[in-house]
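Here is a short briefing on the structure shown below. Keep the sequence and the 3D view open while reading.

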Amino acid sequence: MSVGFRLNASAVLLVLVSLVFPPFCLGIRSIPTIGDGLGLGFDLFSEAPDYRNGRGCPVSADKRALGLKSSCDPSLVHVAMTLDSEYLRGSIAAVHSVLKHASCPENVFFHFISAEFDPASPRVLTQLVRSTFPSLNFKVYIFREDTVINLISSSIREALENPLNYARNYLGDILDRCVDRVIYLDSDLVLADDIQKLWSITLTGSKVIGAPEYCHANFTKYFTDTFWSDPLLSRVFGSRKPCYFNTGVMVMDLLKWREGNYRKRIENWMEIQRKKRIYDLGSLPPFLLVFGGNVESIDHRWNQHGLGGDNVKGSCRSLHPGPVSLLHWSGKGKPWVRLDARKPCPLDYLWEPYDLYKHTNRVKTQHQSSMAYSPSTLVGYSTYL
């Protein structure tokens, strides 16, 4: 009798939680009862402006009737990102940049993947996102770290070993089955253009993902001599001409992903890595092994990456030639860290307008007030920031 009562009470509690926290979604497992642990208050960030759709944006039946959108709404642009306490400030800035430049911001739906054992519980992170973006369409899914922890090998930088870096491998399993296409974005970037343009890119033929490719990069350096000296392993590229691409910005066809069981293909290479050490750089090489040479090439303007410097020492970088739609601080240095330390790189100031963190104690440096860029360096910026 008492067991039955506990079950009923749990059911009632679950209903109450779903009413109080409607954007929270159970991903791979139920919500863990983890305390905040970081003292994250809901006033940590300033509330973002209320960005609204422009003319011509589609309005779904759900929106007209209920004032909200289901993740299955065909009018949506789906964006997946990770959400954790360490990169929270970057994630908030990234979301802000997407909304600021979107022609139909109310039609962008965010899928946040949160670590099971993050110092800030997924529920706290959910509430913080809601307090910062009151009208945002989003869900938070919980990523079970034990899904991938036994497949991760050591990397050249400890941060690259974080299990949440591998969540992109599991989007086909985590997201609602009705979501058959998604844009994956890292948390250390900002958009300076309408995300609808990226969403509208066509993945031709059998292509599963689209990303900017860099075919002049030295592809061999992403794998060890052990890999290249093994004819059975290296022949994976025998019939392909692979190019480097950065996995921090990808358009993904989740229908083809699920049908082709690409999660398992990536895991197979991670298992080989554990035995033979065929690469050194975190979660990127398995993607290169599976998709290199079979990627829908997207204009480079959609991933001006490497702005964080190299993965070991960190350094200031300049932009690649050409127009800019997305700036990505991949690498060791992050703009919010360098800005707070008053040791920013020049391009870090292009991230700052999207920062909603309440940093009242930070004073602008003399370098910021006196900095100047040549017109050739700032191609595409004047109309965005």
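**Helix α4 and its surroundings**

The buried residues of α4 pack against two neighbouring groups of elements, namely the strands β1 (77-83), β2 (108-115) and β3 (137-143) and the helix α3 (88-101). Helix α4 itself spans residues 122-132. The model is a predicted one. Its chain holds 13 helices and 11 strands.

**Buried face of α4**

- Pro122, Val124, Leu125, Thr126, Leu128, Val129 and Thr132 are the buried residues of α4.
- In an α-helix there are 3.6 residues a turn, so residues three or four places apart point the same way.

**Whole chain**

- The chain has 385 residues, and 53% of them are buried.
- Its accessible surface is about 17,800 Å². Carbon and sulfur atoms account for 54% of that surface.
- Take the contacts between residues at least 6 apart in sequence: 76% of them join residues at least 24 apart.

**Nonpolar cores**

- The largest nonpolar core has 48 residues. Which members touch the most others? They are Ile209, Trp257 and Phe291.
- Helix α11 (residues 284-291) gives this core its largest share, 6 residues.
- A second, separate core has 39 residues, among them Ala48, Val77, Ala94 and Leu356.
- In soluble globular proteins, nonpolar side chains tend to be buried together.

**Helix α11**

- How many of the residues of α11 are buried? The count is 8 of the 8, so the helix is largely enclosed by the rest of the structure.
- The buried residues run Leu284, Pro285, Pro286, Phe287, Leu288, Leu289, Val290 and Phe291.
- They pack against the strands β6, β8 (244-245) and β9 (249-253). They also pack against the helices α7 (225-228), α9 (254-259) and α10.
- Phe291 is in contact with Val208, Ile209, Arg240, Phe245, Trp257, Tyr262 and Ile266, leaving aside neighbours within four places in sequence.
- Glycine 293 comes just after α11 and has a positive phi of about 90 degrees.

**Alanine 80**

- Alanine 80 sits in strand β1.
- Is alanine 80 buried or exposed? Its relative accessible area is 0%, under the 20% cut-off, so alanine 80 is buried.
- Not counting residues up to four places away in sequence, alanine 80 touches His111, Leu171, Val182, Ile183, Tyr184 and Leu185.
- Alanine 80 and lysine 139 are 59 residues apart along the chain, and 9.8 Å separates their C-alpha atoms.

**Leucine 203**

- Leucine 203 belongs to the loop between α6 (195-199) and β6 (209-211).
- Leucine 203 has a relative accessible area of 10%, under the 20% cut-off, so this loop residue is buried.
- Its contacts are Arg181, Val208, Ile209, Gly210, Val251, Met252, Asp253, Lys256 and Glu296, not counting residues up to four places away in sequence.
- The C-alpha atoms of leucine 203 and serine 297 are separated by 9.0 Å, with their places 94 residues apart along the chain counted as the separation.

**Positive phi outside glycine**

- Most residues other than glycine have a negative phi.
- Arginine 277 has a positive phi of about 55 degrees and is not a glycine. Where is arginine 277? It lies in the loop between α10 (262-276) and α11.
- Arginine 277 has a relative accessible area of 29%, between the 20% and 50% cut-offs, so it is partly exposed.
- Arginine 342 also has a positive phi, near 60 degrees. This arginine 342 is in the loop between α12 (335-340) and α13 (366-370).
- Arginine 342 is partly exposed too, with a relative accessible area of 48%.

**Cavity**

- A search of the whole structure finds 1 cavity of 30 Å³ or more. The largest cavity holds about 30 Å³ of space.
- Which residues line the largest cavity? The lining is Val77, Ala102, Ser103, Cys104, Val108, Asp194, Ile195 and Gln196.
- By type, the lining has 5 nonpolar residues, 2 polar and 1 charged.
- Val77 lines the largest cavity and is also a member of the second core.

Key
Residues are numbered from 1 along each chain as its sequence is written. This is a predicted model: local features need pLDDT of at least 70, side-chain atom pairs count only at pLDDT 80 or more; totals for chains, interfaces and linings use all residues. Side-chain values use heavy atoms; hydrogens and water are left out. A nonpolar core is a set of buried Ala, Val, Leu, Ile, Met, Phe, Trp, Tyr and Cys residues joined through side-chain atoms within 4.5 Å. Buried means under 20% relative accessible area, exposed over 50%, partly exposed in between (1.4 Å probe, protein chains only). Helices (H or I, at least four residues) and strands (E, at least two) are DSSP runs, numbered from the N terminus. Contact means heavy atoms within 4.5 Å. On a 1 Å grid over the protein atoms alone, a cavity is a set of points where a 1.4 Å probe fits but cannot get out, and a pocket is an open set with protein on both sides within 12 Å along at least five of seven lines; lining residues have an atom within 4 Å of a point. Grid points are joined across faces, edges and corners, and a volume is the space filled by probe spheres set on the points. Ala, Val, Leu, Ile, Met, Phe, Trp, Tyr, Cys and Pro count as nonpolar, Asp, Glu, Lys and Arg as charged, and the others, Gly among them, as polar. Accessible areas come from the Shrake-Rupley method with a 1.4 Å probe; for residues, only the protein chains shown count as cover.
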